[in-house]
Amino acid sequence: MTVYLPAVAGYPGLPGALIEAGLGIGDIVHVTEYVTRPGLQLSHARSIALGGHRVPVSRVPVEAVVGDPSPYILGVSAHPGGGTLLAAGGDALRVADGIVYLPSVHTTEGSSASSTAGASTGSRRCSPWPV
């Protein structure tokens with residue numbers, strides 16, 4: 001069963017959110033970074049938080065995180081056991097519950113820098129709570 005965590009307040013909050021859901025770092029199958037600043041560097045924080053666990057990461061520019069001044073929040077999908085890793089070079093895909101999780105990057109203009117992403121709608125507001 002795939003679990004979609006509520007919005008996570010950045011990589012430092014990831015371990016606690018996973019523990020609360022009864023999951024661990026090794027269960028993550030996909031991370032989406034909702035960022036408010038185009039040049040925000042998260043690779044170091046991501047590396048520390050994931051501790052070597054390879055997952056596809058998508059980055060989506062947003063105008064703001066509603067109700068939170070943070071420069072980014074995370075959308076995290078997890079599956080007990082972490083699904084199946086398919087890796088080649090620096091790219092990583094995960095398959096869990098019959099879903100293939102792909103990385104993608106969206107530019108601040110809203111166009112996809114990766115062929116794995118569908119149509120994008122450009123910068124938007126992101127609410128950390130379900131709408």
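Strands S5 and S6 (residues 91-96) run antiparallel and are joined by five bridges. Two of the facing pairs can be picked out by name in this predicted model: Leu 86 sits opposite Leu 93 of S6, and Leu 85 sits opposite Arg 94 of S6. The link between S5 and S6 is a hairpin with two residues between the strands, and Gly 89 in that turn takes a positive phi of about 65 degrees.

On to the next pairing. S6 also pairs with S7, again in the antiparallel sense, this time over three bridges. Here Arg 94 has Tyr 101 of S7 as its bridge partner, so Arg 94 turns up in the pairings on both sides of S6, given that Leu 85 stands opposite Arg 94 too. S6 and S7 likewise form a hairpin with two residues between them, and the turn residue Asp 97 has a positive phi of about 55 degrees.

Put together, these strands make an open, antiparallel sheet of three strands in the order S5-S6-S7. Strand S5 (84-88) and strand S7 (99-101) are the edges, each pairing on one side only. From one strand to the next, the twist averages 20 degrees.

What about the side chains along S6? In a regular strand, side chains alternate between the two faces of the sheet. S6 does just that: Ala 92, Arg 94 and Ala 96 point to one face and are buried, while Asp 91, Leu 93 and Val 95 point to the other face and are not buried.

Arg 94 also leads over to the core, as one of the residues touched by Ile 28. Leaving aside residues up to four places away in sequence, the contacts of Ile 28 include Leu 14, Leu 18, Leu 50, Val 55 and Val 76. The largest nonpolar core has 20 residues, and Tyr 11, Leu 14 and Ile 28 touch the most other members. Helix H1 (14-20), strand S2 (28-35), helix H2 (43-50) and strand S4 (72-78) each supply at least two residues of this core, with S4 giving the most, at four residues.

Zooming out, the protein has two helices and nine strands, which run β-α-β-α-β-β-β-β-β-β-β from the N terminus on. Of its 131 residues, 39% are buried. Among contacts between residues at least 6 apart in sequence, 72% join residues at least 24 apart. The accessible surface comes to about 6,900 Å², and carbon and sulfur atoms account for 58% of that.

Notes
Residues are numbered from 1 along each chain as its sequence is written. This is a predicted model: local features need pLDDT of at least 70, side-chain atom pairs count only at pLDDT 80 or more; totals for chains, interfaces and linings use all residues. Side-chain values use heavy atoms; hydrogens and water are left out. Axes are lines fitted to C-alpha atoms, for helices over the stretch in contact, and angles run from 0 to 180 degrees between N-to-C directions. Buried means under 20% relative accessible area, exposed over 50%, partly exposed in between (1.4 Å probe, protein chains only). Contact means heavy atoms within 4.5 Å. Accessible areas come from the Shrake-Rupley method with a 1.4 Å probe; for residues, only the protein chains shown count as cover. A nonpolar core is a set of buried Ala, Val, Leu, Ile, Met, Phe, Trp, Tyr and Cys residues joined through side-chain atoms within 4.5 Å.
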